[in-house]
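Got the viewer open? Here is a tour, one selection at a time, with a note on what to look for at each stop.

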Amino acid sequence: QVQLVESGGGLVQAGGSLRLSCAASGSIFSAGIMAWYRQAPGKQRELVATITTGETTTYADAVKGRFTISRDNAKNTQYLQMNKLKPEDTAVYYCNVDIKESWGSTWQVYWGQGTQVTVSS
């Protein structure tokens with residue numbers, strides 16, 4: 001079984017920074033695309049950023065230039081550096097990883113438990 005554990009959320013003033021981490025553990029043969037999503041109260045979950053195994057990244061327009069996604073393949077860990085935070089960034093942030101548990105298995109998607117980020121004005 002695979003487990004994703006997130007950390008790094010919290011309360012910060014507008015203009016501040018936070019760094020989220022998401023560590024995958026368990027039966028992992030290979031980790032593929034990693035991503036961060038967020039869900040604000042009363043809104044649908046939205047994609048924030050993705051990173052491939054080759055470290056190609058994509059970002060939602062709302063966070064471009066402020067957020068940076070990265071990964072450490074040796075640790076099966078991904079990060080989200082969030083700078084110049086705005087009140088509208090307030091949400092629960094979820095990590096998401098495509099994982100193969102063995103050579104012959106299919107890719108499966110795993111989710112972290114979510115971490116709250118609150119940005120005060």
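**Stop one: the core**

Start inside: the largest nonpolar core has 28 residues, and those with the most contacts within it are L4, L80, M82 and Y93. Keep in mind as you click around that this is a predicted model. To see where the core comes from, colour the elements that give two or more residues to it: β1 (2–7), β3 (18–26), β4 (30–39), β5 (46–51), β7 (67–72), β8 (77–82), β9 (91–100) and β11 (115–120). The largest share, five residues, is from β9.

Now pick L80 and bring up its surroundings. Leaving out residues up to four places away in sequence, L80 touches L18, R19, L20, W36, V48, A49, F67, T68, I69 and Y93. One of these, L20, is also tied to L80 through the backbone, as its bridge partner in β8.

**Stop two: the four-stranded sheet**

Show β1, β3, β8 and β7 as a cartoon. In that order they make an open sheet with antiparallel pairing. Which strands stand at the edges? They are β1 and β7, and each has a single partner strand, so one side of each is left without a neighbour in the sheet. Look along the sheet and you'll find neighbouring strands turned by 15 degrees against each other on average, ignoring direction.

Zoom in on the pairings. β3 and β8 are antiparallel over six bridges, and six bridges also join β1 to β3, again antiparallel. For a landmark on the β1 side, select L4, whose bridge partner in β3 is A24.

While you're there, turn on the side chains of β1. Which of them point to the buried face? V2, L4 and E6 point to one face and are buried, whereas Q3, V5 and S7 point to the other and are not. The general pattern is that side chains in a regular strand alternate between the two faces of the sheet.

**Stop three: the disulfide**

Next, select the sulfur atoms of C22 and C95. The structure holds one disulfide, and this is the pair it joins, with the sulfurs 2.0 Å apart. Distant parts of the chain are linked here: C22 sits in strand β3 and C95 in strand β9, 73 residues apart. Check the dihedral about the S-S bond and you should get 55 degrees, a right-handed link. Both C22 and C95 are buried.

**Stop four: β9 and its partners**

C95 has brought you to β9, so stay with that strand. β9 is mostly covered, with eight of its ten residues buried. Now step through its pairings:

- β4 and β9 run antiparallel, joined by eight bridges; select Q39 and you'll find its bridge partner, V92, in β9.
- β11 pairs with β9 in the antiparallel sense over three bridges; A91 has V117 in β11 as its bridge partner.
- Strand β10 (residues 108–111) is antiparallel to β9 over four bridges; here N96 has W111 as its bridge partner in β10.

**Stop five: the loop between β8 and β9**

Select D89, which is in the loop between β8 and β9. Is this aspartate buried or exposed? D89 counts as buried because its relative accessibility is 0%. Polar atoms are worth displaying here: one on the D89 side chain lies 2.8 Å from the backbone nitrogen of K86. Beyond four places in sequence, D89 touches R38, R66, F67, K84, V117 and V119.

From that list, click on K84, which is in the loop between β8 and β9 too. K84 is exposed, with a relative accessible area of 57%. Its phi is positive, about 50 degrees, although K84 is not a glycine. Then hop to N76, in the loop between β7 and β8. N76 is another non-glycine residue with a positive phi, near 50 degrees.

**Last stop: T50**

Finish at T50 in strand β5. At 15% relative accessibility, T50 counts as buried. Show its side chain together with that of T58: the two make a polar contact at 2.4 Å. Apart from neighbours within four places in sequence, T50 is in contact with I33, M34, A35, T56, T57, T58 and I69. I69 should ring a bell, since L80 touches it as well.

Terms used:
Residues are numbered from 1 along each chain as its sequence is written. This is a predicted model: local features need pLDDT of at least 70, side-chain atom pairs count only at pLDDT 80 or more; totals for chains, interfaces and linings use all residues. Side-chain values use heavy atoms; hydrogens and water are left out. A nonpolar core is a set of buried Ala, Val, Leu, Ile, Met, Phe, Trp, Tyr and Cys residues joined through side-chain atoms within 4.5 Å. Buried means under 20% relative accessible area, exposed over 50%, partly exposed in between (1.4 Å probe, protein chains only). Contact means heavy atoms within 4.5 Å. A disulfide is a pair of cysteine sulfur atoms within 2.5 Å. A polar contact is a pair of N or O atoms within 3.5 Å; within protein, one must be able to donate a hydrogen and the other to accept it, and residues adjacent in sequence count only if both atoms are side-chain atoms. Two strands pair if DSSP finds at least two bridges between them. Axes are lines fitted to C-alpha atoms, for helices over the stretch in contact, and angles run from 0 to 180 degrees between N-to-C directions.
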